Amino acid sequence: MSSRRLLALALLAAGAARADGSATTFFDSRPYVRDSGYQEEPIFESFSLFARADGGAYLQDVRIVARGWGRVTLGLPLDDHRTAGDVDSLFFEGRLFQRHLTLRLGRQMVTGGAARATQIDGAFARIVAKGVGAELYGGVPVDPRFAAARGDAIAGGRLFWNPAFDSELGASAVYALKRGYVARKDAGFDASVTPVRPLTLSGLAQWSVDDRRLEEARLAALVQLAPQLQIVGDVQRTAPDLFIDRNSIFAVFAEELRDEAGGEIVLRPLRPLSLSADWHWLRVEGGHGQRGGFRGTLRTGEDGSLGVELRLLTQPDNGYKEARLFWIRRLDPAFTLTVDLDGYWLERELSLFAQKRSLVATGTLGWAVDEAWEAMLAGSYGTTPYFEQRAEVAVRVAWKFGMPGGAR
Amino acid sequence: MTFALLLALLAAPDEILFPHARHVQAQVDCIVCHESIFSAKTLSGKFLPDEGKCLECHRQEKRQNQCGFCHSNVEQAAHWPKRQPRLKFDHAAHVERSKDDCTRCHSRLSEQRRAAALSDGHGACASCHNHADDLRDARCNLCHLDLLAYRLKPVSEISHEGDFLRRHALVAGAAGAACASCHDQNFCLDCHARTAMTTIEAQMPDRPDRAFIHRNDFIGRHPVEARADPVSCQRCHSASSCETCHQLSHVAGGSPGARSPHPSGWSVPGSGAFHGDAARRDIQSCASCHDQGDASNCVRCHKVGGIGGDPHPASFRARHSISEARSDGRCLGCHR
């Protein structure tokens, strides 16, 4: 019996109505900064699975989501482990009471308000009725390779009011322990409101309860003057030291403040042409700087495009200017070629490294074998501040499956 | 028994064979079988006829045990499958407006052994309602209850334009449920997983058009990026992850073959390169190599009575008392 049939049986037995997933083999030989250049050659195998069923009268939209990977390193491994692996997500989700209550259990990511984007091993519940709701979560924050330290825990929640699909206001709190000490104790307020159709206002403020200081405040206004023209203005104030875990010895030394203000404009004068430009003024400890950029993309036929990107970043200690050109060309329905030329120039050299210039060229060839199988070969060569010569080779083979009815 | 169980699992589930076209030809009105839908304000409910309704016309076949007349798998004959509603839809209001003409939305119906979509999809809605703005702005949840159940692929009009990569945290923080209507968690984990096997940029060099943070030689300019926006790094990477990578790369203090990255004058106050000023400006850089808690080399000199003196910023004493230092575990490294 084929593995596909076995998987189908397992999913049928679990009551799943639909399952989609993939298995990917990936080889990536790339250099690391160690002993004047160290080339690691790992082979990864990853899988993802998304199974769902409608459920019954009490439990609806049942989902099982899983994703994980394993690694074998050829030659000397950088981290001294020849093999490694981890689970990115593995959770069960269902909705009850006519979809008013969502429950999720297992390794998952919680987002929203003060939670930011945090992976946890734990439970999540979301209850909503008539646009008003609450989210609660608790568990152990995820560390790579199952290395959760003793004494780690996280709990939090968010109350929200969702008057329309495009508007939501929320108040949230998060409490995290790391090795038994308080790592985070934050309260937050967030909002995304569309008062009139072309205007969307988004805001977020987060307060460190222990330090009685503003950790982060952000406000952005997005205006769509026409389908072809979008303008965004935004301001941001952060206290970067408060983003270090409160139990780190370094969290008590610095009192840093960073401000940022600027905006962006996106213009689509013709359907295949997209132009965007952004600029922000930065204030950091010890001075100020700016970051900005331009990007133009021209779609050339089906799935093909030609793009140019220019970027600039300056800050009191250093800065860089970057220019990039990329090209995607579909040779025939099965083969796709890409080229990416990327160069940047630092204002000052980095500690211990004399070269200020980086030039990297990358080319890939993709082959869509059929609906389920695809393969990619990539090669990259360049000269960078850390490496006089830098070469990288990657190979990816992916199998997508879907049941019933084949891959989507 | 195992074989029987396998056979049972592998057998195609029962399907009720209903030829809509023949019933239409026989001038059986929709309301005869679907009476309850005409007054339904939502799609939660039972809108398919029970066996009794069929037997009003087909009792003869039942009496003659012609089970296959209606059931595709007689051995596992079942009722209509239960369907969870996927749309917010008020049939009562629409039936009134369409003057009971169901074909306005249901022009193609399923036939015997040939399943069809229940309705004509977006085209049917757009024949009366202007949803162009909703499609453009991805306001799908106005009508759809569970987008992840569809074979949907976003069209370019609702792609996230401009510098959305930098802006998306703000949007997701306040309206994460809207994001989740199209993106499942594995999509977020491509970039946000602390457990990920390698960076998404390394896995997808064939997508140069996508906005990635760590593309190509990001490693060469990461100190500049980190100094300009340390919070952007700290959102995903803890200070200890910086230290781990620097240790593995043999550039952190104490690792084999490491050379000191610090400039001359690093330990001389007022030299212009004094480490105290640098630390105040950019403590994350220090933490990226020296975050060993109580064993950090800063503790050695800056503990109470040490030669390094008080490292706290001027406003620190106003916000914290000495009694707090004696009760807070993280202070005890220096305040023993």
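Student: How many residues does each chain put into the contact between chain A and chain B?

Tutor: In this predicted model, chain A contributes 120 residues and chain B contributes 86 residues.

Student: Which element of chain B gives the most to that side?

Tutor: That would be helix H8 of chain B, residues 164-180, with nine residues on the side that touches chain A.

Student: And what's the make-up of that side of chain B by class?

Tutor: The side of chain B that touches chain A has 36 nonpolar residues, along with 26 polar and 24 charged ones.

Student: Switching to the folds, how many helices and strands does chain B have?

Tutor: Chain B has 18 helices and zero strands. Chain A, for its part, has 22 strands and one helix.

Student: OK, what about burial in chain A?

Tutor: Of the 408 residues in chain A, 36% are buried. For chain B, 18% of its 336 residues count as buried.

Student: What share of the contacts in each chain is between residues 24 or more positions apart?

Tutor: Taking contacts with a separation of 6 or more, that share is 41% in chain A and 53% in chain B.

Student: Back to chain B, which domains does the assignment give?

Tutor: Domain 1 covers 14-129, domain 2 covers 231-291 and domain 3 covers 295-336.

Student: How far apart are domain 1 and domain 2 of chain B, by C-alpha centres?

Tutor: Their C-alpha centres lie 69 Å apart.

Student: Last one: what does the C-alpha trace of chain A span?

Tutor: Along its principal axes, the trace of chain A spans about 65 × 60 × 50 Å.

Conventions:
Residues are numbered from 1 along each chain as its sequence is written. Chains are lettered from A and ligands numbered from 1 in the order in which they are written. This is a predicted model: local features need pLDDT of at least 70, side-chain atom pairs count only at pLDDT 80 or more; totals for chains, interfaces and linings use all residues. Helices (H or I, at least four residues) and strands (E, at least two) are DSSP runs, numbered from the N terminus. A residue is buried if 20 or more other C-beta atoms lie within 10 Å of its own, exposed if 12 or fewer, and partly exposed in between; C-beta atoms are placed from the backbone. Two residues are in contact if their C-beta atoms, placed from the backbone, lie within 7 Å. Ala, Val, Leu, Ile, Met, Phe, Trp, Tyr, Cys and Pro count as nonpolar, Asp, Glu, Lys and Arg as charged, and the others, Gly among them, as polar. Domain bounds come from an automatic or database domain assignment.
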